[in-house]
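The exercises below are meant to be worked with the sequence and the three-dimensional view side by side. Each task is followed by a solution that proceeds step by step.

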Amino acid sequence: MQPPPPPSDSTPASTVFFMKKVRIVHMSDTHHFLDKTSRNGFLPHGHILVHSGNFTDHGTDEEFAQFNGWLESVSDRYHYRVVVLGNRDVKVYGNDWDSMKKLLPAATHVLSHSEATILGIRFYGAPWHWGHKKNYMLRQGAPTTTTGRFDDIPAGINVLVTHGPAMDRLDITNCSETKEHWGSAELLDALRRVKPGVHLHGHVKDARGFISAFGNLPLTVNSSMCDVNVSVMYAAPHVVRADQVLLDPIKNVVDWTFALDSLDE
C-alpha cells in the first residue's frame, strides 16, 4: 500500500494517514558523494528518509543543487524526504534557513526549529547554528547569545533530528591528539526534558553507531556515512522501525516505540 501524497509542514495531524509500522531510513554526513547519477542500490526500503545534515562540503548553491538532484532521484523510493542542515551546509547562508530551504524543493520537509507530523509520527528538526564551532563552542565573531535553541523543542515529539550529538551520546572524536567530546550539554538537557522516542544525528564520524534507550534518554542513532577525512562514503544508512502502540482504544490514543531494524525488510 502506497502512502498518500506528502503533507506540508502545517498539515494537521488529524489529516495524516496513520500506519502501524513505519520504517525510517536515516543518513548523515554524505558530503559531496550523492548526486542524481549515484547508484542507489545501497539504500534500504523505507517510508521516510531522514538526512541530518552535511550533504555539502562548503554550503554552496551548486552543492545544494547537486543534493537536491539526488533527493529528486530517490523520490519514487522515499515518499517523504526530511532534511536538517549541518555545520558544512550553513557556511554560506549562515542562519538564513529559509533561503536554504528554498534550495531544496525536492525535500518534502526541511525542518529548521520546526516540526511536522508524518504518517502519524511527530518529527522536530533543529539545524546547526553558524555561530558554533564543531564542538558547540562559540566561533570568533559569533554573538555571545548564540544558542542551539534546544529549549524550543516542544514536548510530545517522537523523533528529534539534529546534526550534532548531545554530550556523552556518540560524541567522542579522535580527530585531535586526545579524545574530545563534541556533544552539546544543552541538547542533553533537552533530551531529558522532552523524552523523544529516538534522537537522530550525525556530525561525529568516528562515533557512528547507536545507543539503546535507557532511563530517561532515548534510542540515539549516529548515521554518519563518511570517514573522518571525507575521502570515501563507506557506510549504509541505519533503519529505525517505528511501531504504533494503542494506549487508549476508546479515545484512540496512540504512541510509538522505536528500534533499529535490519536493512532488508
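**Exercise 1. A residue in a loop**

Is Thr 30 buried or exposed, and what is its relative accessible area? Work from the place of Thr 30 in the chain to its surroundings, keeping in mind that the model is predicted.

*Solution.* Step one is to place the residue: Thr 30 belongs to the loop that connects strand E1 (21-27) with strand E2 (48-51). Step two is to apply the cut-off, by which a residue counts as buried under 20% relative accessible area; with a value of 0%, Thr 30 is buried. Step three is to list the surroundings: once neighbours within four places in sequence are set aside, Thr 30 is in contact with His 51, Asn 54, Phe 55, Met 225, Cys 226 and Met 233. Step four singles out one of these partners, since the side chains of Thr 30 and His 51 make a polar contact at 2.9 Å.

**Exercise 2. The sheet that contains E1 and E2**

What is the strand order of the open sheet that includes E1 and E2, and which strands form its edges? Trace the pairings from E1 outward to E14.

*Solution.* Begin with the order, which reads E4-E3-E2-E1-E13-E14 in an open sheet of six strands with mixed pairing. The edges are strand E4 (109-110) and strand E14 (253-261), each of which pairs on one side only.

As general background, strands of a sheet pair through backbone hydrogen bonds, in either a parallel or an antiparallel sense.

Next, take the pairs in turn. E1 and E2 are parallel and share four bridges, and within this pair Ile 24 has Ile 48 of E2 as its bridge partner. On the other pairing, E1 meets strand E13 (residues 238-248) in the antiparallel sense over six bridges, with Val 22 standing opposite Ala 242 in E13. E13 is in turn joined to E14 by nine bridges, and these two strands run antiparallel; here Ala 242 has Phe 258 of E14 as its bridge partner. Ala 242 can thus be followed from its position opposite Val 22 to its partner Phe 258 in E14.

Finally, inspect the connection: the hairpin of E13 and E14 has four residues between the strands, and Asn 252 takes a positive phi near 55° there.

**Exercise 3. The sheet that contains E10, E11 and E12**

Which strands are the edge strands of the open sheet with the order E5-E6-E7-E10-E12-E11? Then locate Gly 209 and describe its surroundings.

*Solution.* This open sheet has six strands and mixed pairing. Its edge strands are strand E5 (114-118) and strand E11 (209-211), each pairing on one side only, and the twist from one strand to the next averages 20°. E11 is joined by three bridges to strand E12 (residues 219-222), and the two run antiparallel; Ile 211 stands opposite Thr 220 in E12.

Gly 209 is part of strand E11, and at 15% relative accessibility it counts as buried. Apart from neighbours within four places in sequence, Gly 209 is in contact with Leu 170, Thr 220, Val 221, Asn 222 and His 238. For a distance to check in the viewer, the C-alpha atoms of Gly 209 and Leu 160 are 16 Å apart, with 49 residues separating them along the chain.

**Exercise 4. A histidine in E10**

With which side chain does the side chain of His 199 make a polar contact? Establish the location and burial of His 199 before answering.

*Solution.* His 199 lies in strand E10 (residues 198-201), and its relative accessibility of 0% means that it counts as buried. Residues that it touches, beyond those up to four places away in sequence, include Leu 160, Thr 162, Leu 187, Pro 218 and Thr 220. The polar contact is with the side chain of Thr 162, at 2.8 Å.

**Exercise 5. The chain as a whole**

Does the radius of gyration agree or disagree with that of a compact globule of 265 residues? Set the result beside the other totals for the chain.

*Solution.* For 265 residues a compact globule would have a radius of gyration near 18 Å, and the 17 Å of the chain agrees with this. The C-alpha atoms fill a box of roughly 55 × 40 × 30 Å along the principal axes. The chain has three helices and 14 strands, and 53% of its 265 residues count as buried. Among contacts with a separation of 6 or more, 66% are between residues 24 or more positions apart. The accessible surface comes to about 12,000 Å², with 52% of it belonging to carbon and sulfur atoms.

Notes: Residues numbered from 1 in each chain as written. Predicted model: local features only at pLDDT ≥ 70, side-chain atom pairs only at ≥ 80, totals over all residues. Heavy atoms only, no water. Pairing = 2+ DSSP bridges. Axes fitted to C-alpha atoms, helices over the stretch in contact; angles between N-to-C directions. Rg over C-alpha atoms; globule rule 2.2 N^0.38 Å. Buried < 20%, exposed > 50% of the residue type's maximum accessible area, 1.4 Å probe, protein only. Contact = heavy atoms within 4.5 Å. Areas by Shrake-Rupley, 256 points an atom, 1.4 Å probe, with all protein chains shown as cover. Polar contact = N/O pair within 3.5 Å; in protein donor to acceptor, adjacent residues only side chain to side chain.
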